[in-house]
Amino acid sequence: MKIHDILIVGSGCSAAMSAQTLIDNDASVFMLDAGVTGKDYRTIIPDKDFIDLRKTEDNQHEYLVGKRLEGVQWGAMGKGAQLTPPRHYMTDRVDQYEAIQSKDFSPVESLGYGGLGIGWGVQCWEYSDADIDAVGLNKVQMRAAYKVVSERIGVSATNDDAARYSLGSLDNFQSSPRMDKIHRRIHMAYLKHKNAIESRGFFMGRTPLALITEEKDGRKAYQYKDMDYYSDNDRSAWRPWMTIDALKKRKNFTYQSGYFVESFIEKKDYIEVNTISMKDDSRLIFYCKKLILATGALSTGRIVLRSQGDQHDTLPILCNPYTYVPCLHPYNFGKDAENKKMGFAQLSLFLDENFNDTNISIASTYSYQSLMLFRIILQMPFNFVDARTIMRYLASGLVIMGIHHPDSFDSNNTIRLIKDKNSPTGDKLKINYSLNNVTKKINDAREKKFVRIMRKMNVFAIKRINPGYGSSIHYAGTVPFSHSPEKLHLNPDGRLHGTKSIFVADSSGFNYLPSRGLTFSLMANAHLVAERVLKNE
Amino acid sequence: MTSGDVEYEALIFGKYLLKKTPNTKAIKLYVDAIENINDVTMHSVKSIQFVCEHPKLLRLVDSGLAIIEPESELRRRLYMMFSILESSSEYHTYFLPRKRSSFYVLVIGITGISAVVRAVVGVIIVRVAIK
């Protein structure tokens, strides 16, 4: 039997960062992944901006709505409803291998090559000192790790009013992409009323993004094609598969797709990794000396429960509550479509009610253009013809505000495995999740404050839409950090208690989930975990 | 339903949404998409049969359903046709934002008011003629 030195499970953001740290230190790494890939849209999505493409391309329906209209969501928002057809493979086969039972919680998980990073909004927030403490990580180490990750993936940002909320000590970044007309207007209004706005605890600035504005490592500087939700053709926005594709060229790295990792058993001299072949559901065991789980908080929770838990064990879960708010900016009504535009978040607004950077909420704003009218037309209580007439005038003034709130442990919010004979794993994950009334009230009050303060910047909310629990796609806390050697917990260095050589590199260990998106932080943590794996003898 | 029925339906819906006959590609895409729907009930197709028999009432029925049954099968199919037409280069001028004078606000206002009136009439038609 072949025993791999280090086996990483997964290919998402944390897996990619752990692997790169290990490979750069000459370790031998075997990456084991479900690795579902989609149709290669690179060959059919032309190298054009969104507006040009809409005017000229005959086969645009293939990637804008999908050949079978899979990009057209009807009824209740399902899993991955916000994904465009080229990103749909992100959730392929998830229902088969990662079955869920939940009344209210609808998570998005991925077995795709690149994991949830396939559809990541590329926002790169550094956690504040208070956040890092609450999460259970080391501030000094995390600050250094953020710099390493930024250097690898390329971050664009601006040292502005909100930098103390967004950038921490980060200094190795490129300049932010330029804002479109509507966001320039919003920012100008913010600067005009800055004192009044800041006195209410709001601070606005550019959103740091894993998006390069200068060429880097063969990736093109951002071209403002507004195709961000459809195509990675220019590779300006970083995706995990870019790092893994590069690592595949290194001698000490091996990538194996097509296997779903079910559980592990740590023996005296090696670890058995039990997998299911996704080709025929047959079982196969891989062997390694050290194991790094980087499959995302829910999948890691499943693997740990199957490996170390018993039938009645439950694990906690954290998830950022999320609400989005379609808004109108009247200045832009009746304006032409802009050719050069960006789909990613352009501005972010922090609500720091206590002026101490703890327990804050964040709203990020997006222009709408590239998501097409059909995705919003159903929100209007009119017939389709009148709705189209009205929306064509209003659409250029449409701004989407996405609001994230922090989440703390609640004893009612848990996951556990229950039997399911229809699943290849023989189980499914039962998720209990809801917000208590106090938290609901706090979040609701904050959302109203966001709506009110945006009016000062001439942005008027149409309605607040709560897409349901789990929709933020930010999950954490399933195998929490603990200094005491408790079962189903992680040592703060990322090692699973009760094991010698099994580590977790994703967000499973987080004891708190700040409103700032977690991806940049979980990548920094993954880098640190990989360093500890190297030292672990 | 035969494919001929669905083609006719596509034609009616396309004409309604564009005020002109949709191209054959849009009709084919619609027919293919409808073939993938497998959760249609007899009750849900009643409104579709009604508007195919009375295409001039489609806008009113759509208006009424938008209020009382926004997730009806008819609305779903109109929505599918809408997305097909929107993602067609030939019809981009119908969907992309275009520069307009400030007086266009009046058009929006009138459209909004007439949409409300249509909705009221549409609700009555749906309640009386279809249910």
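A salt bridge is defined here as a side-chain nitrogen of Lys or Arg within 4 Å of a carboxyl oxygen of Asp or Glu. By this rule, the count over all chains is 38 salt bridges. The model is predicted, with local features requiring pLDDT of at least 70, side-chain atom pairs counted only at pLDDT 80 or more, and totals for chains, interfaces and linings using all residues. Residues are numbered from 1 along each chain as its sequence is written, chains are lettered from A and ligands numbered from 1 in the order in which they are written, and side-chain values use heavy atoms, with hydrogens and water left out.

**View 1. Salt bridge between Arg143(A) and Glu126(A).** The N to O distance of this pair is 2.5 Å. The contact links distant parts of the chain, 17 residues apart: Arg143(A) belongs to helix 6 (residues 139-153) of chain A, and Glu126(A) to the loop between strand 3 (100-102) and helix 5 (129-135) of chain A. Helices (H or I, at least four residues) and strands (E, at least two) are DSSP runs, numbered from the N terminus. Arg143(A) is buried, at 14% relative accessible area, and Glu126(A) is buried as well, at 1%. Buried denotes under 20% relative accessible area, exposed over 50%, and partly exposed in between (1.4 Å probe, protein chains only).

**View 2. Salt bridge between Lys216(A) and Asp217(A).** The side chains meet at 3.7 Å, N to O. Lys216(A) is buried, with a relative accessible area of 13%, whereas Asp217(A) counts as exposed at 61%.

**View 3. Salt bridge within helix 5 of chain B, between Arg76(B) and Glu73(B).** The N to O distance is 3.1 Å. The partners are three residues apart, about one turn of the helix. Arg76(B) is buried at 15% relative accessible area, and Glu73(B) is buried at 7%.

**View 4. Packing of helix 2 (residues 24-35) and helix 5 (residues 73-86) of chain B.** Their axes lie 10 Å apart at an angle of about 140°; helix 2 of chain B is therefore oblique to helix 5 of chain B. Axes are lines fitted to C-alpha atoms, for helices over the stretch in contact, and angles run from 0 to 180 degrees between N-to-C directions. Angles under 35 degrees count as roughly parallel, over 145 as roughly antiparallel, 65 to 115 as roughly perpendicular and the rest as oblique.
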